[in-house]
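Please open the model in your viewer and keep the sequence panel beside it. The stops below say what to select next and what is to be found there.

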Amino acid sequence: GSALEMATEQLEQRRAHGNELRDYIIDSILKIIPEARLNGGLEHRLPGNANISFPGLEGETILLDLDMHGICASTGSACNSDSLDPSHVLLSIGVPEEIGHGSMRFTFGPQNTMEEAKYLCDVLEEVIPRRRAMSCMWLQGQNTARHFSLKGEN
């Protein structure tokens with residue numbers, strides 16, 4: 001009983017904080033990174049969780065850059081983080097496999113700050129264009145992101 005009490009004590013504050021960070025990161029990335037795509041809808045989204053595709057790139061290269069800047073992220077779902085395959089969830093909602101390979105999952109909790117969220121966006125704003133300039137996938141098919149829609153999108 002005490003553990004449940006402690007877990008739910010500040011649930012609303014933690015949820016609001018997670019939503020604020022999540023929404024800031026989603027809005028910022030979609031504004032500053034051309035052709036970045038949010039995977040999943042804006043409604044009915046978990047607090048502190050954003051999954052974004054960066055067409056033309058492999059997620060592993062983005063992970064290396066983020067790691068060098070002290071940022072932790074993932075290319076797959078939490079339950080399948082050791083796989084190099086694109087997330088089966090992304091594939092099931094209509095994300096093409098080649099774009100799913102460039103998807104990143106960002107998660108954050110009560111310990112994360114808005115300064116860290118801004119830092120992540122600043123790093124991505126530098127990393128993604130630099131990586132795309134070196135990417136054959138991006139240079140050969142940079143309009144791929146415009147040619148798919150997720151199931152349920154109009």
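Which pattern does the protein chain follow when it is read along the sequence? Colour the predicted model by secondary structure, and the order that appears is α-α-β-β-α-α-α-β-α-α, which comes to seven helices and three strands. Of the 154 residues in the protein chain, 40% are buried. Among the contacts with a separation of 6 or more, 77% are between residues 24 or more positions apart.

**Helix α3**

Select residues 59-68, which form helix α3, and show the side chains of its buried residues, Gly59, Ile62, Asp65 and Leu66. These residues lie on the same side of α3, because the arc they cover around the axis is only 120°. If you turn to the face directed away from that buried side, you will find the exposed residues Leu64, Asp67 and Met68. Add β3 and α6 to the selection, since both are included in what covers the buried residues of α3. Just after the helix, Gly70 takes a positive phi of about 80°.

**The largest nonpolar core**

Which residues touch the most other members of the largest nonpolar core? In this set of 25 residues they are Ile29, Phe54, Ile62, Leu66, Phe106 and Leu124, and two of these names, Ile62 and Leu66, were also on the list of buried residues of α3. The elements α2, β2 (49-53), α3, β3 and α6 each supply at least two residues of this core, with the largest share, eight residues, coming from α6. Now centre the view on Ile29 and, leaving aside its neighbours within four places in sequence, display its contacts, which are Ala36, Ile52, Phe54, Phe106, Cys121 and Leu124.

**The second largest pocket**

Next, select Ile71, Cys72, Asn112, Glu116 and Leu120, which of the 14 lining residues lie nearest the centre of the second largest pocket. About 240 Å³ of space lies in this pocket. Its lining draws at least two residues from each of α2 (11-32), β3 (103-107) and α6 (114-133), and α6 gives the most, with four residues. Colouring the lining by class will show nine nonpolar, four polar and one charged residues.

**Three stops in the loops**

Go to Gly56, whose place is in the loop between β2 and α3. Is Gly56 buried or exposed? Gly56 has a relative accessible area of 13% and is therefore buried, the limit for that label being under 20%. Leaving aside neighbours within four places in sequence, Gly56 is in contact with Ser135, Met137 and Trp138. Draw a distance from its C-alpha atom to that of Ile99, and the separation is 7.1 Å, although the two residues are 43 residues apart along the chain.

Move to Glu35, in the loop between α2 and β1 (37-38), where a positive phi of about 65° occurs although the residue is not a glycine. Glu35 has a relative accessible area of 16%, so this residue is buried.

Finish at His44, which is placed in the loop between β1 and β2. His44 is likewise not a glycine, and its phi is positive at about 55°. Is His44 buried or exposed? With 80% relative accessibility His44 counts as exposed, because that label applies over 50%.

Methods:
Residues numbered from 1 in each chain as written. Predicted model: local features only at pLDDT ≥ 70, side-chain atom pairs only at ≥ 80, totals over all residues. Heavy atoms only, no water. 1 Å grid on protein atoms, 1.4 Å probe; cavity = no way out; pocket = protein on both sides within 12 Å on 5 of 7 lines; lining within 4 Å. Points joined across faces, edges and corners; volume = space filled by probe spheres on them. Nonpolar A, V, L, I, M, F, W, Y, C, P; charged D, E, K, R; others polar. Buried < 20%, exposed > 50% of the residue type's maximum accessible area, 1.4 Å probe, protein only. Arc of directions from axis to C-beta. Contact = heavy atoms within 4.5 Å. Core = buried A, V, L, I, M, F, W, Y, C linked by side-chain atoms within 4.5 Å.
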